[in-house]
Amino acid sequence: MYFYNKHIPNTYLFMVKISIVKFGVIFIALFGLFSCEDNEITTGLEGTVFRGPINPVEMEGQVNNAPFSALFKVYKSNDKYLKSFSSDENGTFSIMLPPGNY
């Protein structure tokens with residue numbers, strides 16, 4: 001809302017300048033907020049999945065597990081599905097995830 005007082009020179013111009021500054025501040029704030037969403041994820045999880053025991057009797061000195069190839073799903077702590085990944089035939093996997101609770 002603008003007002004003009006004929007007794008104070010440039011009142012309207014002053015109000016327009018204030019409005020432009022307000023718009024600029026809001027634009028910069030929103031631009032900064034939305035530009036943060038495009039950051040590349042540089043953290044994650046990697047490892048090897050094993051299944052076992054694979055023998056009914058475990059004996060000392062014998063390996064009783066094997067690599068496991070499977071599909072896994074990642075959920076946020078609020079039970080919202082995020083993404084899935086698979087381990088290969090050697091059981092190894094790697095997935096990029098942002099820091100958080102899963």
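Which residues does phenylalanine 85 touch, not counting residues up to four places away in sequence?

**Figure 1. Phenylalanine 85 and the largest nonpolar core of the predicted model.** Leaving out residues up to four places away in sequence, phenylalanine 85 touches Ala70, Leu71, Phe72, Val74, Phe93 and Ile95. Among these, Val74, Phe93 and Ile95 also belong, together with Phe85 itself, to the largest nonpolar core, which has six residues and is completed by Val49 and Leu97. Of the 102 residues of the chain, 13% count as buried.

**Figure 2. Strand S6 and its pairing with strand S1.** Strand S1, formed by residues 44-48, and S6 pair in the antiparallel sense over five bridges, and within this arrangement glutamate 46 stands opposite serine 94 of S6. In a regular strand the side chains alternate between the two faces of the sheet. Along S6, Phe93 and Ile95 point to one face and are buried, whereas Thr92, Ser94 and Met96 point to the other and are not.

**Figure 3. Serine 87 in the loop between strands S5 and S6.** Serine 87 follows S5 (81-86) and precedes S6 (92-96), and serine 87 counts as buried because its relative accessibility is 4%, where the limit for a buried residue is under 20%. A polar atom of the serine 87 side chain lies 2.7 Å from the backbone oxygen of phenylalanine 68, and a polar atom of that side chain also lies 3.0 Å from the backbone nitrogen of alanine 70. When its neighbours within four places in sequence are set aside, serine 87 is in contact with Val49, Phe68, Ser69, Ala70, Phe72, Thr92 and Phe93.

**Figure 4. Backbone geometry at proline 53 and aspartate 79.** Most residues other than glycine have a negative phi, and most peptide bonds are trans. The peptide bond from glycine 52 to proline 53, however, is cis, with omega near 0 degrees, and proline 53 is found in the loop between strand S2 (50-51) and strand S3 (66-67). Aspartate 79, although not a glycine, has a positive phi of about 65 degrees; this residue sits in the loop between strand S4 (71-75) and S5, and is classed as exposed because its relative accessible area is 65%, the limit being over 50%.

**Figure 5. The chain as a whole.** The chain has one helix and six strands, whose order from the N terminus on is α-β-β-β-β-β-β. Of the contacts with a separation of 6 or more, 31% are accounted for by residues 24 or more positions apart. The chain exposes about 8800 Å², of which carbon and sulfur atoms supply 61%.

How values were computed
Residues numbered from 1 in each chain as written. Predicted model: local features only at pLDDT ≥ 70, side-chain atom pairs only at ≥ 80, totals over all residues. Heavy atoms only, no water. Helix = DSSP H or I, 4+ residues; strand = E, 2+ residues; numbered from the N terminus. Buried < 20%, exposed > 50% of the residue type's maximum accessible area, 1.4 Å probe, protein only. Polar contact = N/O pair within 3.5 Å; in protein donor to acceptor, adjacent residues only side chain to side chain. Contact = heavy atoms within 4.5 Å. Pairing = 2+ DSSP bridges. Core = buried A, V, L, I, M, F, W, Y, C linked by side-chain atoms within 4.5 Å. Areas by Shrake-Rupley, 256 points an atom, 1.4 Å probe, with all protein chains shown as cover.
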